[in-house]
Amino acid sequence: MGIRVAGVCKEFGSFRAVDNVSLDVDTGSLVALLGPSGSGKSTLLRLIAGLEEANAGRVWIAGEEATSRSVQERHVGFVFQHFALFKHRTVRQNVGFGLELRGWKHEAIRRRVDELLELVQLQGFGNRYPSQLSGGQRQRVSLARALAVQPRVLLLDEPFSALDAKVRKELRAWLRNLHDEMHVTTVIVTHDQEEAMEVADKIVVMNQGRIEQIGTPAEIYDQPASPFVMSFVGAVNVLPSHVPLAPNREQRGELFIRPHDLELHRHPQEGSVPAVLRRLTHLGRDIQAELILASGEVVMAQLPRERIDYHDLKAGDALHITSRDARTFVPDFVI
């Protein structure tokens, strides 16, 4: 087992940031801690790293108990959100800093730094300073520095959130490929659902200091364990039970319907509900329709362009909608 957390709690005054959390991370896997701000995901990561001390619970890393060990004794690599590079040191000096502290000889440091700069695709950048690099390049330097000391686990705290969308997407793919090459047990904290779905083997969804669900990206999206998980991971329409859009008419409770599970029709269909088009938005390959039901609820539908003749649609058009799938929740059960 790469990482094991058992019954961990962390309090800041009267606020419990992490509430009795237990978690196993398989050796060599990449796990995402996903949740909104304040859900406890970064605090849990810092507890694993030893940067915070738990009020209760135990932590194991690579099969050895690390609960009372210092950060240095845990042998973890940690990458922060804001790079945390030394401005007065070159790329090469930043990457090799941890090796210097451990007393490595100069030639051994040079070889290891060369290997890492090639690994993170920054050959030829060794003599530059952080100010001479792009944001994406600086974060790759941070990753190289974390990997330099050959950590038993790699911990990433929202490493791409300070970057623009295009660079974030590029680095997500790069990180996944890097992980597949190195197989270092990795935990990444993110509030970006797409990021978690794209890079992780498993996702741990957190809310209010507790774990709501653990599963593969497909399990989290297709089989959400709670209304929170379904609402947080992917877009969803939440409708009152009296709206007759559930394919299974016996379902009771609020309806949770993904926008891509709604179909638009010009004419009434079996099981359809009348609606008025309020807005049509072009999203490249997809078309997003904002509709108002007769009962006043607003719903969003998203369809591939080829599934609807959108050229003739305009605000105010009377349409009819059906649903291919809908989910309801009752306390502790999905029906």
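In this predicted model, Arg278 counts as partly exposed, because its relative accessibility is 43%, a value between the 20% and 50% limits. Its salt-bridge partner is Glu290, and the closest N and O atoms of the two are 2.4 Å apart. Glu290 has a relative accessible area of 15% and is therefore buried, the limit for that being under 20%. The bridge links distant parts of the chain: Arg278 belongs to strand β14 (residues 273-283) and Glu290 to strand β15 (residues 286-293), and the two residues are twelve apart. Elsewhere, salt bridges with shared partners join Lys169, Arg172, Asp192, Glu194, Glu195 and Glu198 into one network.

The structure holds 29 salt bridges. One of them connects the side chains of Arg92 and Asp114, with 2.7 Å from N to O. Arg92 sits in helix α3 (residues 91-95) and Asp114 in helix α5 (residues 106-119), so this pair ties together parts that are 22 residues apart in sequence. Arg92 has a relative accessibility of 28% and so counts as partly exposed. Asp114 is also partly exposed, at 29%.

Helix α5 carries another bridge, between Glu107 and Arg110, whose closest N and O atoms are 2.4 Å apart. These two residues are separated by about one helical turn, because they are three residues apart in α5. The geometry behind this is general: an α-helix has 3.6 residues a turn, so residues three or four places apart point the same way. Glu107 is partly exposed at 38% relative accessibility, and Arg110 is partly exposed at 34%.

From the charged pairs we turn to the nonpolar interior. The largest nonpolar core has 43 residues, and Val95, Leu154 and Ile203 touch the most other members. Helix α6 (residues 135-148) supplies the largest share of this core, six residues. Apart from this core lies another, of 25 residues, which include Leu33, Leu44, Val76 and Val187.

Leu154 can be followed further through its contacts. With neighbours within four places in sequence set aside, Leu154 is in contact with Gly77, Val79, Leu143, Ala146, Leu147, Val184, Thr185, Thr186 and Val187. Of these residues, Leu143 and Leu147 are also among the α6 residues that make the contact with helix α7.

Helix α6 packs against α7 (residues 165-182) at an angle of about 25°, and the axes are 11 Å apart. The two helices are therefore roughly parallel, since angles under 35 degrees count as such. The crossing of α6 past α7 is right-handed. On the α6 side, the contact is made by Gly136, Gln139, Arg140, Leu143 and Leu147. On the α7 side, Val167, Leu171, Trp174, Leu178 and Met182 take part.

The last element to look at is helix α1 (residues 41-49), which is mostly covered: seven of its nine residues are buried. Those seven are Lys41, Thr43, Leu44, Leu45, Leu47, Ile48 and Ala49. Leu44 has already appeared as one of the members of the 25-residue core. Just after α1 comes Gly50, with a positive phi of about 90°.

Methods
Residues are numbered from 1 along each chain as its sequence is written. This is a predicted model: local features need pLDDT of at least 70, side-chain atom pairs count only at pLDDT 80 or more; totals for chains, interfaces and linings use all residues. Side-chain values use heavy atoms; hydrogens and water are left out. A nonpolar core is a set of buried Ala, Val, Leu, Ile, Met, Phe, Trp, Tyr and Cys residues joined through side-chain atoms within 4.5 Å. Buried means under 20% relative accessible area, exposed over 50%, partly exposed in between (1.4 Å probe, protein chains only). Helices (H or I, at least four residues) and strands (E, at least two) are DSSP runs, numbered from the N terminus. Contact means heavy atoms within 4.5 Å. A salt bridge is a side-chain nitrogen of Lys or Arg within 4 Å of a carboxyl oxygen of Asp or Glu. Axes are lines fitted to C-alpha atoms, for helices over the stretch in contact, and angles run from 0 to 180 degrees between N-to-C directions. Angles under 35 degrees count as roughly parallel, over 145 as roughly antiparallel, 65 to 115 as roughly perpendicular and the rest as oblique. A crossing is left-handed if the near helix is turned anticlockwise from the far one by less than a right angle, and right-handed if clockwise.
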